[in-house]
Amino acid sequence: VQVLVSTAVRGAGFVLGPLRRAPSLVVAREQRLGYEDGFAHEAPWSAALAASLAHARMHNVIVLHTRHPVEAFVSQYYCVADERVCPKHSSAHNEAREKASNGSLDAFLLDEVSRSSSSLGQMLGAIEQMQRALDALRAASEAGAGAVRVLHSKYEQMVSDFDGWLGTLLSSLPVEVSRREAIFSDLAKQFRDDFVPDGRHKHSLIVGSNIRKLQSETMRTLQRMPRLDLLMSKLGYLWTSPFYD
C-alpha cells in the first residue's frame, strides 16, 4: 500500500512522509508555484500533528489507511504461527509463535487481545492511536486549519474495488483532471492484478473471510469488549457483512 500511495502522490507532484510503523500515516504536501518545495514529514500520533498542519503554508492531504481490526488480528495470527508467511519478522514472533502452535486461532486471539503487552494488544493500541489521530485531523480539517484534507482509506475497498479506491485516493489530490487520469491509468496497470491470493500472507482477499474463520462464541466475546467495540464504531467497521461502512 505504501508503495502504491507513494507512486500516486509523487506522480502528482507531491512528496510524502509515512510513519514507518503500522498503521501508516501518509502526509502529502502540494508543491505550488511561489511556495517552497514540499518535504517529508514524520510526527507522532497526536493532536500536535494537526496543530502543526494548521500553520503550514501549503495544502495538506492526509491519507490514513486502515483494516478491519478483527480481520487484522486473524491475519496477524497466521503471520505469527507460520514463519513462512512473514519471514522478515520471524525472530520477533518466537514467543507468540509457541503460543499459537499450542492452541487454536480463537484461543490465541482472545488471549492476545486481552493483554496490552502481547502482539495483538500492541496492534490494538496502534489502531487506537490512529483513530485518535483521525479524530484530531478531522477536527482540524473542519476548522479550516491549514487547508487540511483528510481521507480515511480502507483496505477492504482497496481489495474489493481497486479502481474505485484508487479513484477516491487520486481525487483527494488537487491536480488537473487530465493528469489525474494519466496517473490512474498507470497505477491501475501496475497494481490492479496484485490483489490475488499468493498461498502465503494473502490467504484470501474476500472481505470478511478472516472473520468467518472464528467461532461464533469468539465473535460474541469480542463484541462484548467495550474498547474494541468503540474502536470499530469510530473507524466505521461492522461486526457483520458487509463489515465496513
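Let me open with two helices that are roughly parallel to each other: α5 and α10. Their axes lie 10 Å apart and cross at an angle of about 10 degrees, and because angles under 35 degrees count as roughly parallel, the pair earns that description. I should say at once that the model before you is a predicted one.

Which residues make this contact? From α5 come Asp106, Leu109, Leu110 and Val113, and from α10 come Thr218, Thr221 and Leu222. Sorted by class, the contact of α5 with α10 comprises four nonpolar residues, two polar ones and one charged one.

One member of that contact deserves a closer look, namely Thr218 in helix α10. Is Thr218 buried or exposed? Its relative accessibility is 3%, so Thr218 counts as buried. Once neighbours within four places in sequence are set aside, Thr218 is in contact with Asp106 and Leu110.

On the other helix, I would draw your attention to Phe108, which lies in α5. Phe108 is buried as well, at 4% relative accessibility. Its C-alpha atom is separated by 10.0 Å from that of Phe73, a residue 35 places away along the chain.

Phe73 brings me to the second helix pair, α3 and α11. Helix α3 covers residues 69–81, and it packs against α11 at an angle of about 115 degrees, with 10 Å between the axes. The contact is formed by Pro69, Val70 and Phe73 on the α3 side, and by Leu228, Leu231 and Met232 on the α11 side. What is the make-up of this contact by class? The contact of α3 with α11 has six nonpolar residues, with no polar and no charged ones.

Two residues of that contact appear again in the nonpolar core. The largest such core has 47 residues, and the members that touch the most others are Val70, Leu214, Leu222 and Leu228. Helix α6 supplies the largest share of this core, six residues. For Leu228, leaving aside neighbours within four places in sequence, the contacts are Pro69, Val70, Phe73, Leu124, Leu222 and Trp239. Leu222, I would remind you, also takes part in the contact between α5 and α10.

I turn now to the charged side chains. As a general point, side chains of opposite charge can pair when their charged atoms come close. How many salt bridges does the structure hold? There are six.

Let me begin with the one between Asp135 and Lys234, whose closest N and O atoms are 4.0 Å apart. This pair links distant parts of the chain, since Asp135 sits in helix α6, residues 119–142, and Lys234 in helix α11, residues 226–235, with the two positions 99 residues apart. Asp135 is partly exposed, at 32% relative accessible area, and Lys234 is likewise partly exposed, at 39%.

The next two salt bridges share Glu217. The side chain of Glu217 meets that of Arg220 at 3.0 Å, N to O, and it meets that of Arg224 at 3.4 Å, again N to O. Why are Glu217 and Arg220 separated by about one helical turn? They are three residues apart in helix α10, which spans residues 216–223. As for accessibility, Glu217 is partly exposed at 38%, Arg220 is partly exposed at 43%, and Arg224 counts as exposed at 54%. Within helix α10, then, Glu217 is partly exposed, whereas Thr218 is buried.

Elsewhere, Asp111, Glu112 and Arg115 are linked in a network of salt bridges.

My last residue lies outside the helices. Val207 is located in the loop between α9, residues 177–191, and α10. Is Val207 buried or exposed? At 19% relative accessibility Val207 counts as buried, because the cut-off for that class is under 20%. Not counting residues up to four places away in sequence, Val207 touches Glu71, Glu156, Val159, Ser160, Arg212, Pro242, Phe243 and Tyr244. The C-alpha atoms of Val207 and Tyr155 are separated by 9.1 Å, although the two residues are 52 apart along the chain.

To close, I return to helix α10. It packs roughly parallel to α5, it holds the buried Thr218, and it contains Glu217 and Arg220, whose side chains meet in a salt bridge.

Definitions and conventions:
Residues numbered from 1 in each chain as written. Predicted model: local features only at pLDDT ≥ 70, side-chain atom pairs only at ≥ 80, totals over all residues. Heavy atoms only, no water. Helix = DSSP H or I, 4+ residues; strand = E, 2+ residues; numbered from the N terminus. Buried < 20%, exposed > 50% of the residue type's maximum accessible area, 1.4 Å probe, protein only. Axes fitted to C-alpha atoms, helices over the stretch in contact; angles between N-to-C directions. Parallel < 35°, antiparallel > 145°, perpendicular 65-115°, else oblique. Contact = heavy atoms within 4.5 Å. Nonpolar A, V, L, I, M, F, W, Y, C, P; charged D, E, K, R; others polar. Core = buried A, V, L, I, M, F, W, Y, C linked by side-chain atoms within 4.5 Å.
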